[in-house]
Protein chains: 2
Amino acid sequence: MPALFICAVTYCSVCGHSTSTRIPPGDNRVRECCDHCGVVHYVNPRPVVGTIPIWGVQVLLCKRAIEPRLGKWTLPAGFMEVGETTGGGALRETLEEAGARVKLGPLFSMIDVPHVQQVHIFFQAQLLDTNFSIGTESLEVRLFDEHEVPWDEIAFRTVSTTLELYFSDRARGRFGTYTRAIGVAPQAGVVEA
Amino acid sequence: MPALFICAVTYCSVCGHSTSTRIPPGDNRVRECCDHCGVVHYVNPRPVVGTIPIWGVQVLLCKRAIEPRLGKWTLPAGFMEVGETTGGGALRETLEEAGARVKLGPLFSMIDVPHVQQVHIFFQAQLLDTNFSIGTESLEVRLFDEHEVPWDEIAFRTVSTTLELYFSDRARGRFGTYTRAIGVAPQAGVVEA
């Protein structure tokens with residue numbers, strides 16, 4: 001996953017004039033609006049997409065070479081790019097960060113992280129070979145047995161949650177699809193899958 | 001769902017200087033970069049979140065009062081806002097567009113729409129009562145039996161796909177979670193859930 005960039009909108013990206021903070025007509029939220037060209041600058045959460053790359057009973061993790069959480073371990077994942085699908089982005093990130101070719105499996109977890117305006121989406125994946133390599137955003141890439149996973153050195157709670165759910169499902173012999181939220185009290189009326 | 005806004009970045013939203021189109025250091029894609037303050041303006045796909053509101057054997061649909069697809073029928077859904085979860089956004093949109101209170105169920109479909117840079121996410125939902133009402137973005141809100149669904153008048157392919165999968169699952173008596181892509185050839189190595 002790349003570093004986090006959240007930029008305040010102060011100037012209109014279309015015409016360059018300064019924006020004003022107000023509720024546009026027909027809306028019910030404060031947005032950055034351009035009074036010169038009329039454009040409303042919406043900001044929305046961003047999908048982060050990745051895989052759980054499996055080889056036999058082992059899972060592939062990457063040691064981060066970049067901030068945030070430099071030196072911590074993660075599943076290969078990163079911001080989804082325009083023009084790609086969630087699965088396509090997950091395959092790309094797996095290749096970029098771990099040099100790993102995988103066969104993509106079903107959606108496994110979709111985890112909200114509202115305090116950083118992200119949704120983390122992980123797919124099951126089978127490594128096609130063990131010719132993985134260290135991507136530019138990684139210091140080390142290696143396979144772990146379940147008992148070797150460095151739980152105290154996992155970079156993101158979405159990754160540790162996904163790994164815990166994965167190993168739990170593997171132990172019971174049946175894989176589901178899970179929705180979770182990090183840093184949010186359980187929502188009234190929300191039923192977990 | 002609100003209208004679609006995709007704006008080209010020409011000026012830096014942080015400092016107002018004009019941006020240049022180039023690959024930033026350490027990246028592998030062309031981005032809009034500010035040579036004055038150094039900010040890189042990433043653009044990422046946006047999540048659209050909604051529900052499949054069920055009352056007995058009927059499903060609640062909204063007739064759109066806004067473009068695109070004014071006058072066509074949709075499930076209640078819209079762009080996820082910052083600070084909320086996917087499920088929280090789906091509940092909010094259901095209340096805003098259909099005046100409907102629901103108990104949110106499991107994730108049902110996650111459908112990529114790369115040509116408009118969106119991912120559409122629908123949750124199962126049970127209406128808590130039939131005191132729904134017409135939201136400002138709707139012309140009409142009503143319950144449909146399966147045989148009444150106006151298939152030729154559905155606003156978005158993600159909605160018709162979700163409804164087809166839902167009715168199919170209901171007929172077999174078991175509900176899954178589905179990933180699909182609209183307007184994309186099946187991806188090599190992608191296994192549908």
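Ile121(A), in this predicted model, touches Pro47(A), Val48(A), Val49(A), Gly50(A), Thr86(A), Leu107(A), Ser109(A) and Met110(A), and also Met110(B) from the other chain, when residues up to four places away in sequence are left uncounted. Ile121(A) belongs to the largest nonpolar core, a set of 38 residues, in which Met110(A), Ile121(A), Met110(B) and Ile121(B) touch the most other members. In soluble globular proteins, nonpolar side chains tend to be buried together.

His120(A) lies in strand S9 of chain A, which covers residues 118–127. The residue is buried, with a relative accessible area of 3%, and the side chain of His120(A) makes a polar contact of 2.8 Å with that of Thr158(A).

A second histidine, His36(A), is placed in the loop between strand S2 (31–34) and strand S3 (40–41) of chain A. Is His36(A) buried or exposed? His36(A) counts as exposed because its relative accessible area is 51%, where the cut-off for exposed is over 50%. His36(A) touches Cys15(A) and His17(A), again not counting residues up to four places away in sequence, and a polar contact of 3.5 Å joins the side chains of His36(A) and His17(A). His36(A) and Cys12(A) are 24 residues apart along the chain, while their C-alpha atoms are separated by 8.8 Å.

The relative accessible areas given for individual residues are set side by side below.

| Residue | Relative accessible area | State |
|---|---|---|
| His120(A) | 3% | buried |
| Cys12(A) | 0% | buried |
| Cys62(B) | 1% | buried |
| His36(A) | 51% | exposed |

How many disulfides does the structure hold over all chains? The number is zero. In the case of Cys12(A), the closest cysteine sulfur is that of Cys37(A), and the two are not bonded because the distance of 3.7 Å is too far for a bond, the cut-off for a disulfide being within 2.5 Å.

Chain A as a whole contains two helices and 11 strands, and along the sequence these follow the pattern β-β-β-β-β-β-β-α-β-β-β-α-β. The C-alpha trace of chain A spans about 60 × 40 × 30 Å along its principal axes, and buried residues make up 53% of its 193 residues. Among the contacts in chain A between residues at least 6 apart in sequence, 62% join residues at least 24 apart. Chain A exposes about 8,300 Å², of which carbon and sulfur atoms supply 53%.

Helix H1 of chain A, residues 86–98, has 13 residues that should span 18 Å at 1.5 Å a residue, and this agrees with the 18 Å between its end C-alpha atoms. H1(A) is mostly covered, with 11 of its 13 residues buried, among them Thr86(A), Arg92(A), Glu93(A) and Ala98(A). After H1(A) comes Gly99(A), which has a positive phi, near 55 degrees.

In chain B, helix H2 runs over residues 157–172, and its 16 residues reach 23 Å from the first C-alpha to the last, close to the 22 Å expected at 1.5 Å a residue. The buried residues of H2(B) include Thr158(B), Leu163(B), Tyr166(B), Phe167(B) and Asp169(B). What covers the buried residues of H2(B) includes strands S4 (46–55), S5 (58–64), S8 (102–113) and S9 (118–127) of chain B. Gly173(B), with a positive phi near 80 degrees, follows H2(B).

How values were computed. Residues are numbered from 1 along each chain as its sequence is written. Chains are lettered from A and ligands numbered from 1 in the order in which they are written. This is a predicted model: local features need pLDDT of at least 70, side-chain atom pairs count only at pLDDT 80 or more; totals for chains, interfaces and linings use all residues. Side-chain values use heavy atoms; hydrogens and water are left out. Helices (H or I, at least four residues) and strands (E, at least two) are DSSP runs, numbered from the N terminus. Buried means under 20% relative accessible area, exposed over 50%, partly exposed in between (1.4 Å probe, protein chains only). A polar contact is a pair of N or O atoms within 3.5 Å; within protein, one must be able to donate a hydrogen and the other to accept it, and residues adjacent in sequence count only if both atoms are side-chain atoms. A nonpolar core is a set of buried Ala, Val, Leu, Ile, Met, Phe, Trp, Tyr and Cys residues joined through side-chain atoms within 4.5 Å. Contact means heavy atoms within 4.5 Å. The expected span of a helix is 1.5 Å times one less than its number of residues. Accessible areas come from the Shrake-Rupley method with a 1.4 Å probe; for residues, only the protein chains shown count as cover.
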